[in-house]
Every structure is written in structure tokens, then in C-alpha cells.
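Q: I am new to this structure and would like to learn how to read it. Could you walk me through some features, one at a time?

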Amino acid sequence: MGKFKAFMEVPRQEAGYRPLHDRIQDFGEVEQTLNTRDRMMQASRCMDCGVPFCHWACPIGNKTPEWNDALCKGEWELAYRLLNATNDFPEFTGRVCPALCEKACVLNLTDHAATTNRENEAAITEAAWRENIIRPADIKRNGKSVAVVGAGPAGLVVANRLNHLGYTITVFDKHQAAGGLLRYGIPNFKLNKKIIDRRIALLVQEGIAFRYNTPIDVTALPEGYDAYVIATGTPQARDLNIPGRELKGVHLALELLSQQNQVLMGELNFDAKGNLIPLSEESPLPAGDDCQRVTCKGKDVLVIGGGDTGSDCIGTAHRQGCKSVTQIEIMPRPVEGPDDPQNPWPNYPRVLKTTSSHEEGCVRRWNINTLEFLGKNGRLTGVRVQPIDWTPNPEGGRPLMVEAGEPEVIKCEACFLAMGFLKPQQPEFPRNVFVCGDAASGASLVVRAMAGGRDAARKVHQYLSNAR
């Protein structure tokens, strides 16, 4: 504990966001950073609790008090070593993690002013890159090989861990680059893709082989490997099969988010009319709507789904030049917080979350059920919705939905379905095949996918160490 009374004397200070009028003009990261002195002061607020709930709440078990103490004292390299011992890629979680540790922080439970762990984590890691603390390791090979299918956060953790244990690792991915939803789902204004490229370059230097544009059928895995890890995530989004679903202008959220990221990375190019331009004469164009730009420019936009993916659609719509954005959610409006009396600690607080994208302008509504997509000449013009309420189920279980108002029409020319993902059903695999991350658990947090990757690496190592 670097400063005994700092938690009493130093107020919580967040770095905050770039000015709204500035940030909506581009896809640069919206979060700012504190200077070194202020960051060290924020780390000094950590109380080094006798029972660190932050460590307990973190899916990967980050030793938060230890690296906060090192950061407070200016020992940046030690802080990174402590952080990296449990977290393979803290530059990712330092940007996109919802900071379960901060919800569990004693300062949050008592004063609603948790230590800024997530921002501290990002600052420590950026300093480690800047000061050349992060360098390629010289790894001695053990003669065994592992194939990892999927280069998302879970697959990358598996690859990194097993590579450092001496296994020869090959990562297969259907996309043009590694990262999974980190690259193709999370917008650049939350995670600049150069952050991913930097880490992948290090993994390549350390000997990991990446095979891109290589979709793998998990029932027909490539031969020649001692073990396999399936880390393919949750590729199927939850759809909304109601009348009018076929209208042009109704999209799954990732159709917008992934395409926009690919445009920014130069993987896709469109002409002024929104038609896809092939990158080369050898690149065949996909069929149908995949050739068209998904854009919100000049449109009234409706987002169905109240989670982080829906929020990402809102921020993307603003940067594309939309006319307006409305977000609807079928569940009730969360409490204003900071606590939810119906869901107390140690449960995650179900309180109203206002993101940087919401701050940029959005009408938000809850208890709204979607009935029908409306259109003219095959194009979306609006969505008919129904205000609803929820009543207790006399038989127990899920509450019952009841009507709570007259149906109405929300005018829109673009609608994005951000209602989560379906848990994939995996076949029965041989003993040398392991499943991890969202492919095993269903859609969850990046940090939980990373924890699953770490567990899978341990199981693979244990299996291959005992194999004859």
C-alpha cells in the first residue's frame, strides 16, 4: 500500500472522453489518458485490502493490489510483470473490459468511487510497450504441435500460453487478420486495431504461425497435430423473425460493425454509390447484399437491443452521419444506481449504463416489444412496436409479458438487431480436442473468453505431458 491514507485524500479521477463534437468526426479512440503523475496518484488509492474482492471478481484473477502498489511507487516494469502474470493481453482488457474488479472494489462498495483499475491497467501496458519492456521471448521447443482454430481472444491466449511452454503453434482463422470480435466486432473508437496488430506481430516473432482466410470444419480437423483447440466463438447472432424481416435496411448488428471495421482496415472498398470494389482482379465479389455498403448516412436509425453491441451501433451510426438514433430494449429500464436493491453485492449491479455513444445522442426506450418491420418498394420505412410490461408468473420462472399501451410505429430507414448470440452446439470430440471461450460457454465478456483460453492451455499441457 503505497500511501496509507490516499484512498481518503485522493478523489477518483477518470481520464474521460474526447470532446463530443470532436470525437464523432472520426473513429479514433474516444478515451483520453491521464499524465504519469495523476495516474500514479490514482493507483495510490488502492487500499491493498486484506480480502481483495477485486482479485476474486476478476475472471483471470488479476493481482490488482500488487500492481497498483508498484505503479504508485513508479515501478512500471514490476507493475507490468505482475499484471502480465495473469493477463496475457492487458492492452485489450484495459480498453474493453467492464471492470468487474471495480464493481467489487471496497471503495466502490463503501463510497462508490472505486480505484481506476481498468485505466491503470491500460496505462501500465502502454508504458511497457513504450519503454521496450515487452520483447519477444526466446522459446525452446518441446517437439509437440497444437492447432488452434479461431484467432479471437480465447484462441490467442491458448496460442500464447502453449507457445511459451514450447509447443509449436499454428492458428487457423477464417478472416484476413487475427482478433475475432476484437477486430471485427468492437469499433475502432473503443479499440484501435493497431493495438491488436502490435501484439500479433510479437506473437509471430515468438514463433506462432497464423493461417488466415482458412475456414476449418471442426468435424474434419487438419491432420498432423498432437492436440487441437476449438476457439471459434459464437458466430450466429440472435435474429428476429417477424413480418418484414426480408426488407432492405434490416441488418444484424455485426453487418454494420464488421463492415465498418473492414473499411477502416482497407479490407473492403466501396464506390460512391455503395457498391463493393474488388481489391484485385483475383478477388471475386460476394453475391447479393454482401456487395452493398451498410450505411447510416442521412437515415433515421433504430437499434433493437440495449447492450454493448447496441451501443456500438449507435456510435458507429453517428460517425457515419445518421439523422437520428433510437434504441429500444424489451426489458425494463434499469435503476439509476449506483446500487440495485433488487440485485445487491456480490451480484453485478444491474444499473443504468450510459456509454460514450449514448452521450453522443440517442433516444432510449425500455419495455418495448417489436412486432413488424414496415416497408415500401422492398425497403424499410419503419418498425411497429408495442409497449409492454412484465408481471410475475404464477407458475414461477420467467415473468409474463403483457401489453401496456397501443402499438406505434418508429420511423427508420435502417434497423440493427443487437440481441446477442446463440450458444454454439459442439459435436463430440476426441480426447485431444479441447473447446474454450465463447465456443464452449456461449457469448460472454472478452476477459471471460481469455480466462477460458488460459484454462484450455492448462488442460492441453496436462494432456500432452501425460500422453505417450
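A: Happily! Keep in mind that this is a predicted model. Let's begin with helix 4, residues 53–57, which contains Trp-56.

Q: Is Trp-56 buried or exposed?

A: A residue counts as exposed when its relative accessible area is over 50%. Trp-56 has 55%, so it is exposed.

Q: Which residues form a nonpolar patch on the surface with Trp-56?

A: Its partners in the patch are Leu-109 and Trp-345, and the three together have about 320 Å² of accessible area.

Q: Now the sheet: how do strands pair, and what is the strand order here?

A: In general, strands of a sheet pair through backbone hydrogen bonds, in either a parallel or an antiparallel way. Here, five strands make an open sheet in the order 5-15-8-9-10, and the pairing is parallel.

Q: Which strands stand at the edges?

A: Strand 5 (250–252) and strand 10 (363–365) do. Each has a single partner strand, so one of its sides has no neighbour in the sheet. From one strand to the next, the twist averages 20°.

Q: How many bridges join strand 9 and strand 10?

A: Three bridges link strand 9 (residues 324–328) to strand 10, in the parallel sense. Across this pairing, Gln-327 is opposite Arg-364 of strand 10.

Q: Which helices should I look for around the sheet?

A: Helix 14 (residues 253–265) packs on the sheet, where it touches strand 5 and strand 15 (414–417). The direction of helix 14 makes about 70° with that of strand 5. Helix 15 (residues 308–319) lies across strand 8 (300–304), strand 9 and strand 15, and runs at about 175° to strand 9.

Conventions: Residues numbered from 1 in each chain as written. Predicted model: local features only at pLDDT ≥ 70, side-chain atom pairs only at ≥ 80, totals over all residues. Heavy atoms only, no water. Pairing = 2+ DSSP bridges. Helix = DSSP H or I, 4+ residues; strand = E, 2+ residues; numbered from the N terminus. Axes fitted to C-alpha atoms, helices over the stretch in contact; angles between N-to-C directions. Contact = heavy atoms within 4.5 Å. Patch = residues over 30% accessible without salt bridge, like charges linked within 9 Å, V, L, I, M, F, W, Y side chains within 5 Å. Areas by Shrake-Rupley, 256 points an atom, 1.4 Å probe, with all protein chains shown as cover. Salt bridge = Lys/Arg side-chain N within 4 Å of Asp/Glu carboxyl O. Buried < 20%, exposed > 50% of the residue type's maximum accessible area, 1.4 Å probe, protein only.
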